[in-house]
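Reader: Hi! I have just opened my first protein model and would love some help reading it. Could we go through it together, one question at a time?

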Amino acid sequence: MSVVIETTLGDFTVDLYTKERPKSCLNFLKLCKQKKYNLCLFHMVQSNFIAQTGDPTDTGRGGDSIFGELYGQQARFYEAETNPRIKHTKKGLISMVNCGDGMLGSQFFLTLGDELDYLDGEHCVFGELVEGWETLDRMNNTICDSVNRPYQDIRVTHTVVLHDPYDDPPGFEPRADSPEPTQEILTSSRIGADENINDYAGKTEEEINEIIADKEAKARATILEMVGDLPDADVAPPENVLFVCKLNPVTNDDDLEIIFSRFGKVKCCEVIRDKKTGDSLQYAFVEFEEQSACEQAYFKMDNVLIDDRRIHVDFSQSVSKYRWKGKGRLEVMNDKDDLKNTSEKVNKPSQRRSRSRDRKDKSAANGRDRSRSRDVKKSSKVHSYRERSRSRDHVRSRDAKRKERSRSRDRMRDRRDRSRSRDRRRDRSREKRRERSRSRDRKADRKKEKKNYRRDRSYS
């Protein structure tokens, strides 16, 4: 006997095991005819496991059987059928939920995976899916929260009984119309079953690609904020700063400032240099007072020849001048102070080197004789030190060779002892075998003697 279950994700058809599970099938069919499953929520969906529904309260703790509807609260549950035993061996089986102590109500679930043997003996299988596998797959792929409830509600909209082989019990009245949605369903803050959550509906392919690219950019910015590379995910680079690259190493700040000032007033022009050597890294940042001047320079200065090099100009994407102060505040670093600090750091090592060179030249001019005597003394000291180190190395090498020899001797002894012990074991095993063979020969001789004795005695 078949029942069509219509849901917000699609329809599927189930065949019931009326011969093996007559009581459970009766309960399910009569509840369908009374429209008890209409608007029921699939309150638990676990991927590749089960999808559970049948509770009018949408909590997973309610749901009376048809016998409770007819005979009162004392008959709200009925005892599960266990013979014959039907196992949860495949996907698409429909099974009644055990409410405790082997008692069943109105809740049921559909299996979304194979070989769920740990459900056997606990819940009662009473049918299987025959049509609507794509609906079951969509249900299996739905996105759920931490308690396995789908973010977008999945509800049973209607149930159609194709054939009912059981007579209606006394007092049973089938319902013709479907129940209306409750106020709780209408005012729920969750995504409704009939809501369309497709953000791309009615948009062109270009608009969809733009939305996807924007989402990916926001995700990357959030990751950079988490690792500390950005002060804030929503921070944007300044629109009045140009990035200039492919510069000649001889090009300096003043040259670039003079060239770019023809488009407008330049607030700052900085060629980025190595902190240790002070050499140009062949790229720079040019900041204008007005955004229009920055745009003109971008269009006019790209691929221009400066100091025999074709430069490349683009808008700056750097936010390194923004510094995070905490509590939602950003601070812009002072350009002049930073430039002074960097220039001082770059110039300090070169000044120190020039001073040290001057001192060395003066000392060389004033005291060459002293340096010669010192060189002789140093050479003698170095020679004596080398002799000592050689003698020490020779002694160390001797000690190492002795240790190596002693280790090799110990290894040879260990090998000999092992070989001797093996030989002893072999000799013992050989002796045992010989003793066994001798004992067998003795027994055989005794048997022959007994036989000969018996023969002689019989002749006599």
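Reader: How many disulfides does a search of the whole structure find?

Author: Keep in mind that this is a predicted model. A disulfide needs two cysteine sulfur atoms within 2.5 Å. When the whole structure is searched, the number of disulfides found is zero.

Reader: Why is Cys268 not bonded to the closest cysteine, and how far away is that sulfur?

Author: Good one! The closest cysteine sulfur to that of Cys268 belongs to Cys269. Cys269 is in no disulfide either, with the sulfur of Cys268 as its nearest. The two sulfurs are too far apart for a bond, because the gap is 7.1 Å.

Reader: Is Cys269 buried or exposed?

Author: Here the cut-off helps: buried means under 20% relative accessible area. Cys269 has a value of 8%, so it counts as buried.

Reader: Which element supplies the largest share of the largest nonpolar core?

Author: Let's look at the core itself. It has 35 residues, and those touching the most other members are Val3, Ile5, Val14, Leu16, Phe28, Phe108 and Phe126. Several elements each supply at least two residues, including strand 1 (2-7), strand 7 (103-111) and helix 3 (133-140). The largest share, six residues, comes from helix 1.

Reader: How many residues does the other core have?

Author: This second core lies apart from the one we just discussed. Among its members are Leu242, Phe260, Cys269 and Val271. So Cys269, which we met as a buried residue, turns up again here. The core's residue count is 19.

Methods:
Residues numbered from 1 in each chain as written. Predicted model: local features only at pLDDT ≥ 70, side-chain atom pairs only at ≥ 80, totals over all residues. Heavy atoms only, no water. Core = buried A, V, L, I, M, F, W, Y, C linked by side-chain atoms within 4.5 Å. Buried < 20%, exposed > 50% of the residue type's maximum accessible area, 1.4 Å probe, protein only. Helix = DSSP H or I, 4+ residues; strand = E, 2+ residues; numbered from the N terminus.
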